[in-house]
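The following exercises are to be worked with the sequence and coordinates at hand. Each task is followed by a solution in steps.

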Amino acid sequence: MTSQKPKAESQGDEAEGPDGGWGWVLVGALFVSTSLVFGLMRSLGIFFVEFVQYFEESAQAISWISSTGLAAQQFFSPLGAALCNAYDARVVVMTGGCLAGLGLVLASQATCLVHLYLTMGLISGLGWGLVFTPMVATVMANFTRRRTLALGLGFSSIGLSSFAFNPLFQLLVEMYTWRGALLILGGLSLNIVPCGALIRPQRRSKAPSPVDSEHTFSFSAALHRVSSYLELSLLCERPYVTYTMAITLLNVGYFVPYFHLVAHSRQVGFSEYQAAFVMSAAGTTDIFGRVVSGWFADLGHFRLIHLLSLWTTLAGVFIMLLPVSSLSGSYPGLVVISLLYGFCSGALTSVVFAAVPMVVGVERMMGALGLLQLIESGAGLLGTPLSGLLKDITGNYIASFAVAGSFLILGTFIMATLPHYFSRTDPPPPQRRSLDNKDKGLNPEMEQMNSLPSDTNHKEAEWTDR
């Protein structure tokens, strides 16, 4: 053990520890990995026409390929969190990168749609699920004051890669056909592996006590351990259930403009290029919204939960105004509202994840993120069909956007029922119950963060050199 530094100097170093150094390298890893997960998923539509022509199947059957991949990514997120709690985030992310690349490589040899469902959908989706949640939780564990900014910078790659990947994938398909393009994308996805390797391996805690080892093979002990890895106890805690319900309602309407804004623009009489530009404009301000929101939140002038409520409400209002702005045939009006919607929708995504530690504490953040994605996945898949149904009933998208925006505003109202919501300062973050102390060390990345002082309560700690 190294000698202790003077008290004042030690506390100053500790306060800055989680907001600099290697944490910014992990932000770069998050930037690359999210672009190879969500940026790639957003751009798989390039292969849609190719698959329809080659396999001679319906558009609905082909659409299940991307839907299966998205559902698998969100469904396996709790598994990724549990494996990180049981083992190490570094190994889990690297394994996910291998699976993501393997699925795309195998898809390049597909001879029927079932092969694509199993490869691009299930295998790659499993890999994506093992990558996203651990990477987000690891970055959050290395930041305190600049946590939201770090997430905003990491997530900004989703919009940037969406712009870059669409023309790139189209070029690859034209040069190498869809099989060669998928093979190249499989190799590109393997770059997630070095991103995972950048996560520093953590020292494992000492072996469990003799009492624990005696009950290793008992059924009840096994259930307790699995429940601890998955953090299922969070489902019995009112703050987490309330927060999850609010985000789930938000997710119902959040993706509707991404699917139907272009179709609405065409329906009211704008050209194909004008309709496409509306979505591109929203995507551009989405990128700025993520970064600006993170920077502003970390200034500390307002609580994260209040900023999340603000951005969610504004995004809901602008979604409801999207069809209203084009009723008079004013294209500039539609563009302005789209720009504002894009900014607010990007701004709230940075805060959604950063607010989780305020609800459950940092130690249980990994499992909380996994469960959150699992629960909200159903809402995301429900929103677009509901919007389409309203369009079929009414003949236009006015009711579709109005209902979509109302779901975001309803989520804000649910969020207002959180304990201490109207307090001007954050309450002390909840701690893991003493009953789970025997599982200490399951998630060393989270434990390292808990050993660091927060902005509101700087405790003395002793640091050892790695």
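**Exercise 1.** In which helix is the place of Gln-74? Determine also the burial and the contacts of Gln-74.

*Solution.* Before starting, note that this is a predicted model, in which local features need pLDDT of at least 70, side-chain atom pairs count only at pLDDT 80 or more, and totals for chains, interfaces and linings use all residues. Residues are numbered from 1 along each chain as its sequence is written, and side-chain values use heavy atoms, with hydrogens and water left out.

Step 1. Gln-74 belongs to helix 4, residues 59–75. Helices (H or I, at least four residues) and strands (E, at least two) are DSSP runs, numbered from the N terminus.

Step 2. The relative accessible area of Gln-74 is 10%, so this residue is buried. The classes are buried under 20% relative accessible area, exposed over 50%, and partly exposed in between (1.4 Å probe, protein chains only).

Step 3. Apart from neighbours within four places in sequence, Gln-74 has contacts (heavy atoms within 4.5 Å) with Gln-373, Leu-374 and Ser-377.

**Exercise 2.** Describe the protein chain as a whole and identify the stretches of low confidence.

*Solution.* Step 1. The protein chain contains 20 helices and zero strands. Of its 466 residues, 50% are buried.

Step 2. Among contacts between residues at least 6 apart in sequence, 86% join residues at least 24 apart.

Step 3. Carbon and sulfur atoms account for 67% of an accessible surface of about 21,000 Å², computed by the Shrake-Rupley method with a 1.4 Å probe; for residues, only the protein chains shown count as cover.

Step 4. The mean pLDDT (the predictor's confidence in each residue, from 0 to 100) is 79, and 83% of the residues reach 70 or more. Over residues 1–17 the pLDDT stays under 50, and the model has 21 contacts beyond four places in sequence for them. Residues 434–466 also have a pLDDT below 50, with 79 contacts beyond near neighbours in sequence. Where pLDDT is low, the predicted coordinates should not be read in detail.

**Exercise 3.** Which residues touch the most other members of the largest nonpolar core?

*Solution.* Step 1. A nonpolar core is a set of buried Ala, Val, Leu, Ile, Met, Phe, Trp, Tyr and Cys residues joined through side-chain atoms within 4.5 Å.

Step 2. The largest such core has 108 residues, and Phe-47, Phe-51 and Tyr-243 touch the most other members. Helix 7 (residues 113–141) gives the most to this core, namely 13 residues.

Step 3. Beyond four places in sequence, the contacts of Phe-51 include Ile-62, Leu-116, Met-120 and Trp-178.

**Exercise 4.** How many salt bridges does the structure hold? Locate each pair.

*Solution.* Step 1. The criterion is a side-chain nitrogen of Lys or Arg within 4 Å of a carboxyl oxygen of Asp or Glu; two salt bridges are found.

Step 2. Glu-237 pairs with Arg-364, with the closest N and O atoms 2.7 Å apart. This pair links distant parts of the chain, 127 residues apart: Glu-237 is in the loop between helix 11 (219–230) and helix 12 (238–254), and Arg-364 in the loop between helix 17 (356–360) and helix 18 (365–394). Both residues, Glu-237 and Arg-364, are buried.

Step 3. Arg-290 pairs with Asp-286, with the closest N and O atoms 2.6 Å apart. Because Arg-290 and Asp-286 are four residues apart in helix 14 (residues 272–297), about one helical turn separates them. Arg-290 and Asp-286 are likewise buried.

**Exercise 5.** Is Gly-405 buried or exposed? State what lies against this residue.

*Solution.* Step 1. Gly-405 is in helix 19 (residues 398–415) and is buried, because its relative accessible area is 0%.

Step 2. The C-alpha atoms of Gly-405 and Gly-316 are separated by 4.0 Å, although the two residues are 89 apart along the chain. Beyond four places in sequence, Gly-405 is in contact with Gly-316, Ile-319 and Met-320.

**Exercise 6.** Examine the backbone at Thr-177 and His-420, then search for disulfides.

*Solution.* Step 1. Most residues other than glycine have a negative phi, and most peptide bonds are trans.

Step 2. Thr-177 has a positive phi near 65°; this residue lies in helix 8 (residues 147–189) and is partly exposed, at 46% relative accessibility. His-420 has a positive phi of about 65° and is placed in the loop between helix 19 and helix 20 (444–450).

Step 3. A search of the whole structure for disulfides (pairs of cysteine sulfur atoms within 2.5 Å) finds zero. Cys-98 is partly exposed at 41% relative accessibility, whereas Cys-344 is buried at 4%.
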